[in-house]
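Visitor: I would like to know how the labels used for a protein model are justified. Could you take me through some of them?

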Amino acid sequence: MSDLYSYSDEFEDSQEEYSAEEYNSEDDEFLAFHDADIEAQVKAEVEKMKMRRTDAELKNIQLVETTDKAKVDRILADQVEVVGSLTLYERINKNFLDAKFEPFFAKEQFDLYSWREDFFHSSFPEEFWFTDGGDDSHAFDTVPFQITKNFDKVVALACSPRNDQFKVYFESDESSSAKARTRFDTNTVMYDESLLDKEFLEAEGLSFSDAAHAIVVVFQSGPQKLEYLAMKKVLEYQIPLEDVPKELQAKAVLGMHDASDDIPECINDQGTETFEILRTNFGFSDDNIKN
């Protein structure tokens, strides 16, 4: 084949052929020079972003030190009002920090999460804060993390004398935000079918009963059973379980709902359909339960 560089016949239609005379080492040098130039530009941009973040974090520290404590106290009082009591607020707040879903307090968790989300967006419109990463980090990976894991600082920053010329920096966390949305965001229950998937729930450390409690709360159209309300008070006031009837002791741990039970009557049509999908995904339906 003399000094002709070529590929095998099967690649003839897609590959060009180059002779030794046509090859020019200056091409590689040109590419190497520009690759280095591009790499230098990227590194410079990364350093610029790091400096911006460092400066913003220092500014955050200064702002927190000047926060209006009276405003902070009022915001705490507002949150207590959302869930009903200081004791319950402290419990829900701890659940947020631990990414723990408590089925009997699904409503309070959903309500407080929603309130905090609204508070964040009203206190920090999009143009007044930034985070690392791209659009997804800004839209999905920051707010859920901040309002569950870092809300005290969010409040302190909101109650500080900020200058709108400087954007506030908030750290993003994709994993923590995803866990928070799964456990505490009603939008997940209404629009994300993964919460009805058995394998997904098990991977998240959630049970059928956990998902069922969430569905009942989100799609509730009538009063829940007195048994549920009584069990909730037992847990809220930390009444010893040995003082509770034995049939309720297991439900205090596992939740009120079992896949073999009838669909609750206190939910609307959409809730009934959603509950049925959940049961089917766990291997239950009206037909095989009757059989």
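Visitor: What makes Arg 52 a charge that sits over the ring of Phe 130?

Guide: This is a predicted model, and in it the charged end of Arg 52 is 3.8 Å from the centre of the Phe 130 ring. The limit is within 6 Å of the ring centre and within 35 degrees of the ring normal, so the distance of Arg 52 fits the label. Lys 59 likewise lies over the face of Phe 166, at 5.6 Å from the ring centre.

Visitor: Why is the pair of Trp 115 and Phe 119 called stacked?

Guide: The structure holds 14 aromatic pairs. In the pair of Trp 115 and Phe 119, the ring centres are 5.5 Å apart and the planes are at 10 degrees. Centres within 6.5 Å make a pair, and planes under 30 degrees apart count as stacked, so the label follows. Both residues belong to helix α4, four residues apart, which is about one helical turn.

Visitor: How do you know whether Trp 115 and Phe 119 are buried or exposed?

Guide: Buried means under 20% relative accessible area, and exposed means over 50%. Phe 119 has 13%, so Phe 119 is buried. Trp 115 has 23%, which lies in between, so Trp 115 is partly exposed.

Visitor: Which label fits Gln 238?

Guide: Its relative accessibility is 65%, which is over 50%, so Gln 238 counts as exposed. Gln 238 is in the loop between α12 (226-236) and α13 (246-254). Its phi is near 55 degrees, a positive value in a residue other than glycine.

Visitor: Why is the pair of Phe 120 and Phe 170 called tilted?

Guide: Their ring centres are 4.9 Å apart and their planes are at 55 degrees. That angle is neither under 30 degrees nor over 60, so the pair is tilted. Phe 120 lies in helix α4 and Phe 170 in the loop between β4 (168-169) and α8, so the pair ties together parts 50 residues apart in sequence. Ring pairs also link Phe 120 and Phe 170 with Phe 124 and Trp 129 into a cluster.

Visitor: What makes Phe 120 and Phe 170 buried?

Guide: Phe 120 has a relative accessible area of 0%, and Phe 170 has 2%. Both values are under 20%, so both residues are buried. Together with Phe 124, they touch the most other members of the largest nonpolar core, which has 36 residues. Helix α7 gives the largest share of this core, five residues.

Definitions and conventions:
Residues numbered from 1 in each chain as written. Predicted model: local features only at pLDDT ≥ 70, side-chain atom pairs only at ≥ 80, totals over all residues. Heavy atoms only, no water. Helix = DSSP H or I, 4+ residues; strand = E, 2+ residues; numbered from the N terminus. Buried < 20%, exposed > 50% of the residue type's maximum accessible area, 1.4 Å probe, protein only. Core = buried A, V, L, I, M, F, W, Y, C linked by side-chain atoms within 4.5 Å. Phe/Tyr/Trp six-rings, centres within 6.5 Å; stacked < 30°, edge-to-face > 60°.
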